[in-house]
Amino acid sequence: MAFALKVNGDTHSIDVDGDTPLLWVLRDVLGMTGTKFGCGMALCGACTVHIDGVATRSCVTSVDSIGQSAITTIEAIGATATGAKIQKAWLDREVVQCGYCQSGQIMSASALLVSKPHPTDADIDDAMSGNICRCGTYVRIREAIKAAAQSTVRGD
Ligand code: FES
Ligand code: FES
């Protein structure tokens, strides 16, 4: 079945079964491998992308449910003001260890800051609780989100 998916500002024509998870369209059809597979059951957050700005688990999002909504992936989040601030804060605080979960972490964190520019600890816990990190980078993730929230200049 043919679909026209809006991904990172471009429209892609694809031909897949309608129940194909978005994750596999991104990775296998479009070659965007920044979005990771972890559990395939909406339990780990590794596959998080934005759909119309909302952090969404792409492993359980069928391609036929997306319609004209705009998809943003880790490949393009740095082009947004909030994404740039998040990525800089991640680098400044050396958040990443193995890195496997971090695409999803950054996508959830950037969606949080767009909806709540100055999140409380409870807001951060609520928004990030579905993103699992086997390396235990949670403390640095929280620090980086707070630093990004305090940054007023793009990428500063
Ligand atoms: S791979 Fe989607 S939540 Fe784990
Ligand atoms: S940095 Fe290794 S799983 Fe999170």
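Me: I'm looking at strands β1 and β5. How many bridges join them, and do they run parallel or antiparallel?

Reply: Two strands are read as a pair by looking for the bridges between them. In this predicted model, strand β1 (residues 2-7) and strand β5 (residues 70-72) are joined by 2 bridges and run parallel. To spot one, find Lys6: its bridge partner in β5 is Ala70.

Me: Okay, and what is the order of the strands in the open sheet?

Reply: Just read across, from one edge to the other. Here you get β2-β1-β5-β3-β4, an open sheet of 5 strands with mixed pairing. At the edges sit β2 (10-15) and β4 (54-57), each pairing on one side only. From one strand to the next, the twist averages 40°.

Me: Which strands does helix α4 lie across?

Reply: For a helix on strands, check what it touches, then the angle. α4 lies across β3 (48-51), β4 and β5, and runs at about 35° to β3.

Me: Let's zoom in on Ser110. Where does Ser110 lie, and is it buried or exposed?

Reply: Ser110 belongs to helix α4, which covers residues 102-115. For burial, the cut-off is under 20% relative accessible area. Ser110 counts as buried because its relative accessibility is 1%.

Me: Which residues is Ser110 in contact with, leaving aside neighbours within four places in sequence?

Reply: With those neighbours set aside, Ser110 is in contact with His50, Ile77, Thr82, Gly83 and Ile86. Take a second look at His50: its side chain makes a polar contact with the side chain of Ser110, at 3.4 Å.

Key: Residues numbered from 1 in each chain as written. Chains lettered and ligands numbered in written order. Predicted model: local features only at pLDDT ≥ 70, side-chain atom pairs only at ≥ 80, totals over all residues. Heavy atoms only, no water. Helix = DSSP H or I, 4+ residues; strand = E, 2+ residues; numbered from the N terminus. Buried < 20%, exposed > 50% of the residue type's maximum accessible area, 1.4 Å probe, protein only. Polar contact = N/O pair within 3.5 Å; in protein donor to acceptor, adjacent residues only side chain to side chain. Contact = heavy atoms within 4.5 Å. Axes fitted to C-alpha atoms, helices over the stretch in contact; angles between N-to-C directions.
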